[in-house]
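Work through the following exercises with the sequence and the model side by side, and try each task before reading its solution.

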Amino acid sequence: MTTPLHLLHVMSHQSATPPRIGRETRRRVWAFARPYRSLIVGFLGVVTASSVLGVVPPLLFREIIDGAIAEGDRDRLTLLGLLVVGAALAQAVLSFIERWASATVGEGLIFDLRVALFDHVQRLPVTFFTRTQTGALVSRLNNDVIGAQRALTGTLGTVVANAITALTTLVTLFLLEWRITLLAMVLLPMFILPARRVGRTVADITREGMNLNASMNATMTERFNVSGAWLVKLFGRPDDERDGFAGQAGRVRDIGIRNALFSRTFVIALTLLGAIGTAVVYWVGGSLAISDTITIGTLASMGVLVALLYGPLAQLTNARVDVMSAFVSFERVFEVLDAPNPVADAVDAVDPQPVEGHLALHAVAFRYPAANEASVASLETDRAPGEPGRMVLHDLDLDVGPGRMLAVVGPSGSGKSTLAALIPRLYDVTLGSITLDGVDLRALRQDDLRAQIGMVTQDPHLFHDTVGANLRYARPDATDAQLDDACRSARILDVVRALPDGFDTMVGERGYRMSGGEKQRLAIARLLLKDPAIVILDEATSHLDTENEAAVQEALAVALAGRTSIVIAHRLSTVVDADEIVVLDDGRIVERGRHTDLRDAGGLYADLWETLVRDDLAADRHAD
């Protein structure tokens, strides 16, 4: 079991040399914004208008001091005052429109990004999920997308607004008095240069914090499901788990404090710098006013404008830090979007309808993909180099006619379940081909292919939902009568009717409120609702007691009738009537034939059969 402390070590190691935020990330963010570009143009126009209005009051103050007050003109004073109020009201309206536009763009873009991410992940091959920590993946889909959302709906809009405000103010200052403006600009590098170093540091801290939060999510996901909770309790490890989690949470705490101190120190420094700059401008401007080079109104106006300049500059410089942190979220989201998908539909993929159910394997060989072919490094606790896996299936040739049953048996690890997974294209063959009615599976659309295949495993999955919702997952438009028929055929209808709320009864996470036999029969009922042409049973009765096995076998007899079937079996008694039995050992077919012939041949199948007989006799003696 991977411990929380090990996860902490790995995440800390991953964050030691983080990549920089690149131009490609910024380009892709802009590409995602393509549908909103007209709204973005409108947003920029509103921001520009608001920024222009922002410099109007200081100019009006100049006229109030140098004109209306100096000349004692009350009417002009009233008019100028009303213009100041009007400018403020107009700016307030534009600010509301600006916020609406930025929120619409940001939320819309994040919606597109979130849906694209979810869609891409669910279409990735099974290998991705076997290598990926669920908690880390969920964190990537939630926390990182939310981080990107905050960047777009808040930070980026603020950056644009402050940039335009600073530029407008600077131009106005220059037109009023170029000498004081040049003096104010001397301080600009002191705003900009520190932001580059602080921004990178905060981005690195943010990335490490995100990795650690994802690691904590992975720990909680593993420990807080039913199986994980049982394991922790049975081994008496709650204290160890708490200490390991505390180590991760403590590091996140330390990162948060460090990030807060960096950000606050930076803001304080910029505020002090702005105050010094304003004081210098007033001192120099005051000297010019004393010598009658500029008017008092001009000095007052420039004082307001300088404050208006340094405020956006400080926010703009600090926003660069926020933007770099936010782009870490985009970077991590794009990393998942870039996860390779080796099992994809061909451009010219076709629909397999109508399906007769004739399956054939031609010289099939298979190896599991290397890490870099099917997963994301940062979503794994420890990723080995991208070396291809060893071949687990070798040169398999099989032919299963429509409506016939092929049984696949063999020792554990011989490749039986791997073979079953190739038929619905959970993986693609490495060499050779598999055909359905003479058409290579890789030439068929995956959704259409899988619509023709029903599969029941030894541990069928039920969602934390009602019995009815789990059954309708196979057929959303199924009527109540169809649910009854499927459950009756699966020998589970009486059990469902006896539940507190019938089909509306919650089954619990992974169906833990149901017994093993009940889950199996619900899975068979779900398969019957799907009505596939091909049925795959992967050790569907291996974990059941004798009573449940008998009930499940009755249900399976209905499910297999008239359908092409592949039955992976550990209990050989369940496949004695198969049309053909193939025996796998180390990924190779070592025997094939009917039950009686294989039993009499004295090979591996006979050995497996003798083991089954001995186990049954021992069980009978124990029962007696």
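In sorting lining residues, Ala, Val, Leu, Ile, Met, Phe, Trp, Tyr, Cys and Pro count as nonpolar, Asp, Glu, Lys and Arg as charged, and the others, Gly among them, as polar. The model used throughout is predicted.

**Exercise 1. The largest cavity**

Task: List the residues that line the largest cavity, and determine how they divide into nonpolar, polar and charged.

Solution. Begin with the count, which is that the structure holds one cavity of 30 Å³ or more. The space in the largest cavity comes to about 50 Å³. Next, collect its lining, which is made up of Leu422, Arg425, Tyr427, Asp428, Val429, Ser433, Ile434, Asp440, Leu441 and Arg442. Sorting these residues by class then gives five nonpolar, one polar and four charged.

**Exercise 2. The largest pocket**

Task: Identify the elements that give two or more residues to the lining of the largest pocket, and find which of them gives the largest share.

Solution. The largest pocket holds about 2,400 Å³ of space. Its lining consists of 39 residues, and those nearest the centre are Val126, Leu426, His461, Phe463 and Tyr473. Two or more lining residues come from each of α6 (126–131), α7 (134–176), α14 (416–422), α15 (446–451), β6 (453–457) and α19 (516–530). Of the contributions to this lining, that of β6 is the largest, at five residues. As a last step, divide the lining by class, which yields 20 nonpolar residues, nine polar and 10 charged.

**Exercise 3. A sheet and its edges**

Task: Work out the order of the strands in the open sheet of four strands, and explain why β2 and β5 each have one side without a neighbour in the sheet.

Solution. Reading across the sheet, the order is β2-β1-β4-β5, and the pairing is antiparallel. β2 (391–400) and β5 (439–440) stand at the edges and have a single partner strand each, so one side of each lacks a neighbour in the sheet. Now turn to β1, residues 359–367, which is joined to β4, residues 431–436, by five bridges, while six bridges join β1 to β2. Leu361 illustrates both pairings, since its bridge partner is Ile434 in β4 and Leu398 in β2. A further bridge partner in β4 is Leu436, which is matched with Leu359.

**Exercise 4. The surroundings of Ala360**

Task: Decide whether Ala360 is buried or exposed, and name its contacts beyond the neighbours within four places in sequence.

Solution. First place Ala360 in strand β1. Seven of the nine residues of this strand are buried, so β1 is largely enclosed by the rest of the structure. The cut-off for a buried residue is under 20% relative accessible area, and because the value for Ala360 is 5%, Ala360 is buried. Once neighbours within four places are set aside, the contacts of Ala360 are Leu398, Asp399, Ser433, Ile434 and Thr435. Finally, compare sequence with space: Ala360 and Asp437 lie 77 residues apart along the chain, and their C-alpha atoms are separated by 8.1 Å.

**Exercise 5. One face of a helix**

Task: Find which residues of helix α2 are buried, and work out how they are arranged around its axis.

Solution. In α2, residues 23–32, the buried residues are Thr25, Arg28 and Val29. Viewed down the axis of α2, these buried residues fall within an arc of 105°, so they line one face of the helix. The general rule behind this step is that an α-helix has 3.6 residues a turn, so residues three or four places apart point the same way.

Conventions:
Residues numbered from 1 in each chain as written. Predicted model: local features only at pLDDT ≥ 70, side-chain atom pairs only at ≥ 80, totals over all residues. Heavy atoms only, no water. Pairing = 2+ DSSP bridges. 1 Å grid on protein atoms, 1.4 Å probe; cavity = no way out; pocket = protein on both sides within 12 Å on 5 of 7 lines; lining within 4 Å. Points joined across faces, edges and corners; volume = space filled by probe spheres on them. Buried < 20%, exposed > 50% of the residue type's maximum accessible area, 1.4 Å probe, protein only. Contact = heavy atoms within 4.5 Å. Arc of directions from axis to C-beta.
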